[in-house]
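Hi everyone, thanks for coming. Please have a look at the sequence and the model on the screen, and then I'll walk you through it.

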Amino acid sequence: MTPLLQTIGLLTLSNLFMTYAWYGHLKDAKNAPLWTAVLASWGVAFFEYCLQVPANRIGFNEAGYSLQQLKVMQEVITMAVFAAFAVLVMRERLTMNFAWAALCLMGAAWFMFRDLKAPA
């Protein structure tokens, strides 16, 4: 597997954990005390870090992406994971404002990666 695919895969998995850590308690622990939700979220977030740290190392050291490129890549993945989570888990409707925001992030990605040379 190429460093790019490893980076994207690990960032996607890490975002699944982080999205649940940030928002899952709103559904699954809405009646639990706040301290319980915080501790549970920290526990879930641990696994996010176990995936994100290697993703960033692979992306930076092996794939040669800049910090800025890694950050924008992560934000685009975050929006995609969040959209799926919002619809599938939280049963929310995505609005046009979300679509416009996603379009802006795609523009940010285009600017960040437009000078990237394709591997030979």
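Let me begin with a definition: helices (H or I, at least four residues) and strands (E, at least two) are DSSP runs, numbered from the N terminus. With that in hand, look just past α2, where G64 follows with a positive phi near 80 degrees.

A word on where this comes from. This is a predicted model, in which local features need pLDDT of at least 70 and side-chain atom pairs count only at pLDDT 80 or more, while totals for chains, interfaces and linings use all residues. Residues are numbered from 1 along each chain as its sequence is written, and side-chain values use heavy atoms, with hydrogens and water left out.

Now the overall picture. How many helices and strands are there in the protein? There are four helices and zero strands, and read along the sequence the pattern is α-α-α-α. The C-alpha trace spans about 55 × 35 × 20 Å along its principal axes. The accessible surface comes to about 8300 Å², and 70% of that belongs to carbon and sulfur atoms; such areas come from the Shrake-Rupley method with a 1.4 Å probe, and for residues only the protein chains shown count as cover.

I'll say "buried" quite often, so here is the scale: buried is under 20% relative accessible area, exposed is over 50%, and partly exposed is in between (1.4 Å probe, protein chains only). Of the 120 residues in the protein, 29% are buried. I'll also say "contact", and that is heavy atoms within 4.5 Å. Among contacts between residues at least 6 apart in sequence, 76% join residues at least 24 apart.

Let's go inside. The largest nonpolar core has ten residues: L10, L11, L51, A55, I58, Y65, L70, M73, I77 and V81. A nonpolar core, by the way, is a set of buried Ala, Val, Leu, Ile, Met, Phe, Trp, Tyr and Cys residues joined through side-chain atoms within 4.5 Å. Which elements give two or more residues to this core? They are α1 (3-28), α2 (34-62) and α3 (67-88), and α3 provides the largest share, with four residues.

Take α2. Its 29 residues reach 41 Å from first C-alpha to last, close to the 42 Å expected at 1.5 Å a residue; the expected span is 1.5 Å times one less than the number of residues. Buried residues of α2 include A37, S41, V44, A45 and E48, and the buried residues of this helix pack against α1 and α3.

A45 and E48 bring us to M18, in helix α1. M18 touches both of them, not counting residues up to four places away in sequence. M18 and A45 are 27 residues apart along the chain, yet their C-alpha atoms are separated by 5.6 Å. M18 counts as buried because its relative accessibility is 11%.

On to α3, which has 22 residues and reaches 31 Å, close to the expected 32 Å. The buried residues of α3 pack against α1, α2 and α4 (96-113). One of the buried residues in this helix is Q74. Is Q74 buried or exposed, and why? Q74 is buried, because its relative accessible area is 11%. Leaving aside neighbours within four places in sequence, Q74 is in contact with L11, N15 and Q52. From the other side, L11 is in contact with Q52, A55, N56, M73, Q74 and I77, with the same neighbours set aside.

In helix α4 we find M112. M112 counts as partly exposed because its relative accessible area is 29%. Beyond four places in sequence, M112 is in contact with Q68, Q69 and V72. The C-alpha atoms of M112 and L88, 24 residues apart along the chain, are separated by 30 Å.

One last stop, in the loop between α3 and α4, is R91. R91 is not a glycine, although its phi is positive, about 60 degrees. R91 counts as exposed because its relative accessibility is 65%.

That's the tour, and I'm happy to take questions.
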